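Please examine the sequence and the structure shown below before reading the report. Each section then takes up one topic.

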Amino acid sequence: MSHEGIKIVNAEEAQRDAEHERLPAEAVTPAKIRVMKTEGTGVEIDWKDGHRSAWNFAWLRNACPCATCHDEREKSGRKPGEAKPKTQTLLVMYEAPVRPVEVTPVGKYAVKFKWTDGHEAGIYSWEYLRRVCGCEACARRG
Ligand SMILES: [Zn+2]
Ligand SMILES: [Zn+2]
C-alpha cells in the first residue's frame, strides 16, 4: 500500500480545511423530507448518503438564514438555532411555540417557511440544513 499523495496536516489546518470542505452531492440531497407541520414538531431529512437530520421548528426559526437574522445573530454572538435570551420583560407571557403556517419548496435546492410570527425571509437550502445538522455525530465534529 502506498501512502503517496496523503498530506499530513496539523489540527488547525484540518479545522480550516473542514470549514471550506465542499459537501458531496449525496450529503446535500434529501432522499426523504418530513415536515411535521400539523403536529407542530419539526423537520426530518433522510439524506442520500444515509445520514438523518432532525430539527424542531423553534430551532429552525432561530437558525433563519436570511440576512437580517444572520446579522442579528452575528452581533449577539448566537449560533444558528440558539434562542434569544429572554431578558426584556419581568412579566413572562406565554408565547405559543413558533411553527410554520406555510412551507414552500424553493426550486430543487431549498425550502421556505412562513412562521406564525409573520417572518418568511429565510430560504433554507439543503446545503445549509446539512451543515447545521444537530445530530450527535455532527455536533461532535463541531
Ligand atoms: Zn430571518
Ligand atoms: Zn448529523
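The report below begins with the overall fold and then turns to the metal sites.

## Overall architecture

This structure is a predicted model. The protein contains 5 helices and 6 strands, which occur along the sequence in the order α-β-β-β-α-α-β-β-β-α-α.

Of the 142 residues in the protein, 30% are classed as buried. The accessible surface amounts to about 10200 Å², and carbon and sulfur atoms contribute 54% of that area. Among the contacts with a separation of 6 or more, 36% join residues that stand 24 or more positions apart.

## The site of the zinc ion (ligand 1)

The zinc ion (ligand 1) is held by four protein donors: the SG atoms of Cys64, Cys66 and Cys69, and the NE2 atom of His119. These donors lie 2.1 to 2.3 Å from the ion. The angles among the 4 donor atoms run from 104 to 114°, and the site is tetrahedral. Along the chain, the donors of this ion have the spacing C-x1-C-x2-C-x49-H.

Two of these donors come from separate loops. Cys66 belongs to the loop between α2 (57-62) and α3 (67-76), while His119 belongs to the loop between β5 (110-115) and β6 (123-125), so this pair ties together parts that are 53 residues apart in sequence. Both Cys66 and His119 are buried. For Cys66, the relative accessible area is 8%, and the residue counts as buried because the limit for that class is under 20%.

## The site of the zinc ion (ligand 2)

The zinc ion (ligand 2) has as its protein donors His51 through NE2, and Cys133, Cys135 and Cys138 through SG. The distances from these donors to the ion are 2.0 to 2.3 Å. This site is likewise tetrahedral, with angles of 101 to 119° among its 4 donor atoms. The donor residues follow the spacing H-x81-C-x1-C-x2-C in sequence.

Here too, distant parts of the chain are linked by a pair of donors. His51 is found in the loop between β2 (42-47) and β3 (52-56), and Cys135 in the loop between α4 (126-131) and α5 (136-141), 84 residues apart.

Which class of exposure does Cys135 fall into? With a relative accessible area of 21%, Cys135 is partly exposed, whereas His51, at 19% relative accessibility, counts as buried. Cys133 is also buried, at 7% relative accessibility.

## Cysteines and disulfides

How many disulfides are counted in this model? The count comes to 0. Cysteines do, however, serve as zinc donors, including Cys64 for ligand 1 and Cys138 for ligand 2.

Note on methods: Residues numbered from 1 in each chain as written. Chains lettered and ligands numbered in written order. Predicted model: local features only at pLDDT ≥ 70, side-chain atom pairs only at ≥ 80, totals over all residues. Heavy atoms only, no water. Donors = N, O, S within 2.8 Å, 3.2 Å for Na, K, Ca; no water. Tetrahedral: all angles 85-135°; square planar, octahedral: opposite > 155°, others 65-115°. Helix = DSSP H or I, 4+ residues; strand = E, 2+ residues; numbered from the N terminus. Buried < 20%, exposed > 50% of the residue type's maximum accessible area, 1.4 Å probe, protein only. Disulfide = S-S within 2.5 Å. Contact = heavy atoms within 4.5 Å. Areas by Shrake-Rupley, 256 points an atom, 1.4 Å probe, with all protein chains shown as cover.
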